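Subject: Structure handover

Hi,

Here is the structure I promised to pass on, with my notes underneath. Have it open while you read, and shout if anything looks odd.

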Amino acid sequence: MSDGGKVKVAVLGASGFIGAELIRLLAAHPEAEPVFFSSQQHAGRPLGQIVSGLRNSPVAGRRLRSLDELTKVDVAFSCLPGGVLPKVLDDVSAEADLVLNVGGDFRLHDPAEIAEYYPESAAGWRQPIPYYVPEFCPKPTEPVVNLPGCMASAAIYALYPLFAAGLVEPRVVVDAKTGSSGGGNGGAEHPALRDGNVRAHKLHGHRHAPEIRQAIGEFTGTTPDLQFSAYSLPIVRGVFASAYTWLKADAGATEVRKAYAKAYADARFVRVANGRSPMALPMLKTVAGSNTAEVGASVEGGRCVAVAALDNLLKGGAGQAVQAMNIVFGFDEALGLAEVGAWP
């Protein structure tokens with residue numbers, strides 16, 4: 001740590017949406033000292049000149065640097081494009097006591113699935129690198145930690161209580177809808193096609209499907225038989241996931257309600273939003289701009305529909321990474337993180 005006792009942090013891949021969001025949070029964090037921002041494409045240029053949303057930030061004048069200029073830090077947040085971190089992880093780890101990986105390179109454990117869903121990462125795959133969700137995992141002690149993907153996070157929050165309590169059959173259908181920022185700032189879709197439009201993004205074979213199966217299996221002991229499909233929404237921020245499950249014979253609405261209350265009783269950033277009115281259920285407007293995820297579930301007969309909403313750049317990305325840093329260093333879990341977004 002620095003002489004002032006603050007955690008010295010680096011953001012790798014600083015010019016992307018998640019990287020920029022991390023810088024915004026860390027620049028205002030009372031216990032963090034951002035000291036290094038990398039961008040291979042824009043090295044040497046001022047941060048505020050490249051990321052317009054940070055041009056009024058106190059760190060706007062800092063120069064973006066090349067990765068090979070990284071010097072000693074306490075934490076390196078990796079938001080690098082797929083396939084990059086496996087090539088440089090040894091060098092980054094030599095300079096960073098902790099690497100919090102927001103990218104997808106090391107999320108999956110099965111080499112065959114890595115080769116299928118993250119082929120650019122397969123050559124540099126190594127094990128073990130833990131997959132960390134703050135609500136379900138003990139405080140990480142390893143030097144490299146993986147954080148979940150945004151749509152995977154929403155699906156996991158929706159499904160975990162049902163599987164942890166053993167209330168549902170393994171068969172699950174999840175559809176997840178996300179805003180345009182989920183594709184990063186290099187997305188090629190023209191705004192005229194996105195605006196006012198809802199479309200299927202990937203009906204089969206999305207890389208978050210094996211991640212969800214792996215996480216639920218690891219956290220609950222039951223691996224779901226999962227169908228996962230993703231859709232694009234005409235918004236900038238947000239993920240809304242719907243999970244359709246079939247209850248076991250001895251499970252009903254009371255058991256489901258108790259399962260969600262128990263699972264998230266002590267969760268600072270996951271709130272159970274249930275009620276008779278549709279306005280009481282999770283929605284994007286109540287979570288956008290915050291690090292809070294909302295979950296809810298409704299039972300009719302033998303079927304349960306669980307829904308979850310979160311901000312993909314915060315609880316599904318940068319916010320969850322800062323939450324993890326807070327936990328590792330013993331700070332208040334919510335330090336520097338908004339629990340309430342802008343309304344309306």
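Let me start with a puzzle: which side chain of opposite charge is nearest to Asp 105, and how far away is it? Bear in mind as you look that this is a predicted model.

The residue in question sits in the loop between β4 (96–101) and α4 (111–117). The nearest side chain of opposite charge turns out to be Arg 207, 7.2 Å away. With salt bridges cut off at 4 Å, Asp 105 has none, even though this residue is buried.

What does the side chain of Asp 105 reach instead? One partner is the backbone nitrogen of Gly 83, at 2.7 Å. Another is the side chain of Ser 121, in a polar contact of 2.3 Å. If you skip the neighbours within four places in sequence, the residues in contact with Asp 105 are Pro 81, Gly 82, Gly 83, Val 84, Leu 85, Pro 86 and Ser 121.

Now for the charges that do pair up. Side chains of opposite charge can pair when their charged atoms come close. Across the whole structure the search gives 10 salt bridges.

Glu 21 is a good place to begin. Its salt bridge with Arg 24 has the closest N and O atoms 2.8 Å apart. These two are 3 residues apart in helix α1 (residues 17–27), so about one helical turn separates them. Their surroundings are worth a look too: Glu 21 is buried at 5% relative accessibility, while Arg 24 is partly exposed at 41%.

Glu 21 also meets Arg 237 in a salt bridge, again with 2.8 Å from N to O. This pair links distant parts of the chain, since Glu 21 is in helix α1 and Arg 237 is in the loop between β8 (225–232) and β9 (239–247), 216 residues apart. Arg 237 is partly exposed, with a relative accessible area of 28%. Add Asp 311 and you have a network of salt bridges made up of Glu 21, Arg 24, Arg 237 and Asp 311.

Another pair to check is Arg 268 and Glu 339, whose side chains form a salt bridge at 3.5 Å, N to O. Arg 268 is in the loop between α8 (253–263) and β10 (270–272) and Glu 339 is in the segment after α9, so the bridge ties together parts that are 71 residues apart in sequence. Both ends are partly exposed: Arg 268 has a relative accessible area of 33%, and Glu 339 is at 23%.

On to the strands. β9 pairs with strand β6 (residues 168–178) in an antiparallel arrangement, joined by 8 bridges. If you want a landmark there, Val 168 has Leu 247 in β9 as its bridge partner. β9 also pairs with strand β12 (residues 303–310), antiparallel and over 8 bridges. In that pairing, Phe 240 is opposite Ala 309 in β12.

One last thing, for your backbone checks. Most peptide bonds are trans. The bond from Trp 343 to Pro 344, however, is cis, with omega near 5 degrees. You will find Pro 344 in the segment after α9 (318–328).

Over to you!

Cheers

Note on methods:
Residues numbered from 1 in each chain as written. Predicted model: local features only at pLDDT ≥ 70, side-chain atom pairs only at ≥ 80, totals over all residues. Heavy atoms only, no water. Helix = DSSP H or I, 4+ residues; strand = E, 2+ residues; numbered from the N terminus. Buried < 20%, exposed > 50% of the residue type's maximum accessible area, 1.4 Å probe, protein only. Lys, Arg positive; Asp, Glu negative; His and termini not counted. Polar contact = N/O pair within 3.5 Å; in protein donor to acceptor, adjacent residues only side chain to side chain. Contact = heavy atoms within 4.5 Å. Pairing = 2+ DSSP bridges.
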